[in-house]
Amino acid sequence: MRRDTVHRLFWLSLIIKGLDGILEIAGGILLFAIGNATITRSIMWLTAPELAEDPHDLLANFLAHSLRHLPDNTRLFGAAYLFGHGAVKVFFVAGLWREKLWAFPTALSIISVFVFYQLYRLLQRPSAGLTVLTVIDLFVIAASWREYQVRNSTPLLARDLETEE
């Protein structure tokens, strides 16, 4: 791939990651603020029309059953994970957007920790959503690493050319 294309994809992935981070923060706050009873009522309200039409609907039954038995500590862990993951994304996207070199290796490290955790979770319980999130995170790692290499080498190269003249 040409450098321009990778560069554009890097910036596009930053925008997506930033928006995703904001949504994760909002989801974490929402999940923390509402109780299990509210979650169960909401899912039942959302799935009731589908279950009325097709009582054997796989997705609607799965959601209704899974969330009916959601332990409080699982909800709180999910809220903390979403909020933390989102906050890290927004913080580092802001640093990367402002082209701060410290943000690149730090973001790579933190996102890598999340990827390892996500891979661990995928080994225990495969999930399409977590798989997509992991693939996106891996792309962001690769694009960020490439962008960091370009940005980190450019000032040195420019200085070398200035000293030769």
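**Lys89 and the helices around it**

Lys89 is buried, with a relative accessible area of 7% (buried means under 20%, exposed over 50%, and partly exposed in between, with a 1.4 Å probe and protein chains only). This residue is a useful place to enter the structure. The model is predicted, with local features requiring pLDDT of at least 70 and side-chain atom pairs pLDDT 80 or more, while totals for chains, interfaces and linings use all residues. Residues are numbered from 1 along each chain as its sequence is written, and side-chain values use heavy atoms, leaving out hydrogens and water.

The protein has 6 helices and 0 strands (DSSP runs numbered from the N terminus: helices are H or I with at least four residues, strands E with at least two). Read from the N terminus, its elements follow the order α-α-α-α-α-α. The protein has 165 residues, and 31% of them count as buried. Among contacts (heavy atoms within 4.5 Å) with a separation of 6 or more, 73% are between residues 24 or more positions apart.

Lys89 has its place in helix 4. Setting aside neighbours within four places in sequence, the residues in contact with Lys89 are Lys17, Asp20, Gly21, Glu24, Leu133 and Asp137. Which of these pair with Lys89 by charge? Asp20 forms a salt bridge with Lys89, with the closest N and O atoms 2.2 Å apart (a salt bridge is a side-chain nitrogen of Lys or Arg within 4 Å of a carboxyl oxygen of Asp or Glu). This pair links distant parts of the chain, since Asp20 is in helix 1 and Lys89 in helix 4 (residues 72–97), 69 residues apart. Asp20 counts as partly exposed, at 24% relative accessibility.

The side chain of Lys89 also meets that of Glu24 in a salt bridge, at 2.9 Å from N to O. Because Glu24 lies in helix 1 and Lys89 in helix 4, the pair ties together parts that are 65 residues apart in sequence. Glu24 is buried, with a relative accessible area of 9%. Through shared partners, the salt bridges join Asp20, Glu24 and Lys89 into one network.

In total the structure holds 3 salt bridges. Another of them is formed by the side chains of Asp137 and Lys17, at 2.0 Å from N to O. Here too the pair links distant parts of the chain: Asp137 is in helix 6 (residues 128–164) and Lys17 in helix 1 (residues 3–33), 120 residues apart. Are these two partners buried or exposed? Asp137 counts as buried, at 1% relative accessibility, and Lys17 is buried as well, with a relative accessible area of 3%. Side chains of opposite charge can pair when their charged atoms come close.

His85 also has its place in helix 4, and at 2% relative accessibility it counts as buried. Not counting residues up to four places away in sequence, His85 touches Glu24, Phe114, Gln118, Leu133 and Asp137. Two residues of the salt bridges thus appear in the surroundings of His85: Glu24 and Asp137.

The contacts of His85 with Phe114 and Gln118 lead to the packing of helix 4 against helix 5. Helix 4 and helix 5 (residues 103–124) pack at an angle of about 155 degrees, with axes 9 Å apart (axes are lines fitted to C-alpha atoms over the stretch in contact, and angles run from 0 to 180 degrees between N-to-C directions). That makes helix 4 roughly antiparallel to helix 5 (angles over 145 degrees count as roughly antiparallel, under 35 as roughly parallel, 65 to 115 as roughly perpendicular, and the rest as oblique).

On the helix 4 side, Phe77, Tyr81, Gly84, His85, Val88, Phe92, Gly95 and Leu96 take part in this contact. They meet Ala103, Phe104, Thr106, Ala107, Ile110, Phe114, Tyr117 and Gln118 in helix 5. By class, the contact has 11 nonpolar, 5 polar and no charged residues (Ala, Val, Leu, Ile, Met, Phe, Trp, Tyr, Cys and Pro count as nonpolar, Asp, Glu, Lys and Arg as charged, and the others, Gly among them, as polar).

Phe77, one of the helix 4 residues in that contact, counts as partly exposed at 46% relative accessibility. Phe77 and Leu31 are 46 residues apart in sequence, and their C-alpha atoms lie 9.6 Å apart in space.
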